[in-house]
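I opened the model to look up a few things and kept notes as I went. The entries are in the order in which I checked them.

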Amino acid sequence: MPSESEIWFDRARAVTPGGVNSPVRAFAAVGGTPRFMASGSGAWLTDVDGRSYVDLVCSWGPMLLGHAHPAVVAAVTEAISRGSSYGTPTANEVLLAEEIVARTPVESVRLVSSGTEATMSAIRLARGFTGRDVVVKFSGCYHGHVDSLLASAGSGLATLGVSTTPGVPESSAAQTIVLPYNDRAAVEAAFAEHGSAIACLITEASPGNMGVVPPEPGFNAFLAETCTRFGALFVSDEVMTGFRVSRSGQWGTDGATEGWVPDLMTFGKVMGGGFPAAAFGGRADVMAMLSPQGPVYQAGTLSGNPVATAAGLATLQLATEDVYAGVDAVAATISSAATDALTAAGVPHRLQSNGNMFSVFFGEAVAGAAVRDYATAQTQDSEVFKAFFHAMLDAGVYLPPSAFESWFVSGAHDDRAVQHVLDALPAAAAAAAKASPGSTNGSNN
Ligand SMILES: *Cc1c(COP(=O)(O)O)cnc(C)c1O
């Protein structure tokens, strides 16, 4: 008999491309049927078949406090009882903007509804401000599905990009230079050749969309300095890391101590508390170029939506230093248990983390040294990840269904949830060992 998830997935595929509204949810990288979730509470998700999982995805980051946090639910319920959208300014938008300005170096902020919208708007603003067109990005960094950012490296370093998907005009990708991450020489070369045409460089503040690949010490500072030297804007994309890795995001762990400030920053995920809210902000003189104050147009019917801002504001107000310390500790416990279990089972792998974000790269090719760029991340063995993923899923642990994603925990991951993950690890490590080429563990049966 098919499961409820299978029944829903069939119905979904009849009316929606691939049966999902965002590709990674389809389980294409791991095989099998995606679980349709019916509810979430704290650290746990329950699917439509009534099976429960400890959630290590946390909606790809936003659920910093866990699912259905009572104070967030109360704030949302209170807000929605007063109506769901007015198309006018509201007080909560100001409070949320003030909270963002208080936690980060941005001086002025504009609210939007998705991370994609934030990066798209930041790039338009950077182009409008500088009067230049070219954008520099790093391969493996994801900034949403913005045309000019869906580009991959051209035939040589410092050459203009080519589009990675049909539907993006080559002319759009050709305005983008795509470089290997953590590669200072490539950045120097690109700016030396194209510097006077570069509007901005955009980077994930610490990449989490190729697995967790942190910036090498000083790399972000170097990017900020290089942009300044060439009159380009430094755009730090903190849609994933913002209000997640610290109360001030990734900037709080490097920029704040190293003494540099991005010209523009983008936020999303945690700041929406599980609702569609995102933002971009930065230098007051740059943000002043935005309509209606300045000539660069940007708008949104549901921007600053009263329900979404209530959820985001409640989430940020509850995200205290204590919460971050707790989330960091849970991440440390789970990540070190994962690497210990894999080591005990003889599975070649590499654990990488950045604060409370972490991921495991599988395979001999990545086990020996730091994974510092996308080309290296791509040498991992996704078959081994697949086996590990499904064993964890069968044991009631919901990992990201792709080896190129960060794992996320929340302030609601209590001892019971953590223990459930730890208990699942040995069998999943054994399953990974069986799938490992040349493995000596389990190959005899
Ligand atoms: C998720 C993400 C985005 C896109 O945000 P959406 O809300 O999915 O459009 C942009 N940048 C980074 C770094 C992200 O992780």
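The notes below cover the ligand site, two helix pairs and two backbone details.

**Entry 1: ligand shell.** I noted beforehand that this is a predicted model. I then listed the residues around the ligand. From the earlier part of the chain I wrote down Ser114, Gly115, Thr116, Tyr142, His143 and Gly144. The rest of the list reads Glu204, Asn209, Asp237, Val239, Met240 and Lys269. Sorted by class, this shell has six polar, three nonpolar and three charged residues.

**Entry 2: polar contacts of the ligand.** Which atoms of glycine 115, tyrosine 142 and aspartate 237 approach the ligand? For glycine 115 I found a polar backbone atom, 2.8 Å from an oxygen atom of the ligand. Tyrosine 142 also uses its backbone: an N or O atom there is 3.3 Å from a ligand nitrogen. Aspartate 237 uses its side chain, with an N or O atom 2.7 Å from a nitrogen atom of the ligand. I looked up the cover as well: the ligand alone exposes 380 Å², and the protein buries 82% of that.

**Entry 3: α2 and α10.** Next I turned to helix packing. How do α2 and α10 run, parallel or antiparallel? Helix α2 spans residues 70-80 and helix α10 spans residues 306-318. Their axes are 8 Å apart and make an angle of about 155°. Over 145° counts as roughly antiparallel, so I entered α2 and α10 as roughly antiparallel to each other. I recorded their crossing as right-handed.

**Entry 4: α11 and α15.** I repeated the check on helix α11 (residues 321-344) and helix α15 (residues 415-435). The axes of α11 and α15 are 8 Å apart, at an angle of about 25°. That makes α11 roughly parallel to α15. The crossing of α11 and α15 is right-handed.

**Entry 5: backbone details.** Where is the cis peptide bond? I found it between serine 291 and proline 292, with omega at about 10°. Proline 292 sits in the loop that lies between α9 (284-287) and α10, the latter being one of the helices in Entry 3. I also noted serine 59, which has a positive phi of about 60° although it is not a glycine. Serine 59 is in the loop between β3 (52-55) and α2.

Definitions and conventions
Residues numbered from 1 in each chain as written. Predicted model: local features only at pLDDT ≥ 70, side-chain atom pairs only at ≥ 80, totals over all residues. Heavy atoms only, no water. Near = heavy atom within 4 Å. Polar contact = N/O pair within 3.5 Å; in protein donor to acceptor, adjacent residues only side chain to side chain. Areas by Shrake-Rupley, 256 points an atom, 1.4 Å probe, with all protein chains shown as cover. Nonpolar A, V, L, I, M, F, W, Y, C, P; charged D, E, K, R; others polar. Axes fitted to C-alpha atoms, helices over the stretch in contact; angles between N-to-C directions. Helix = DSSP H or I, 4+ residues; strand = E, 2+ residues; numbered from the N terminus. Parallel < 35°, antiparallel > 145°, perpendicular 65-115°, else oblique. Left-handed = near helix turned anticlockwise from the far one by under 90°.
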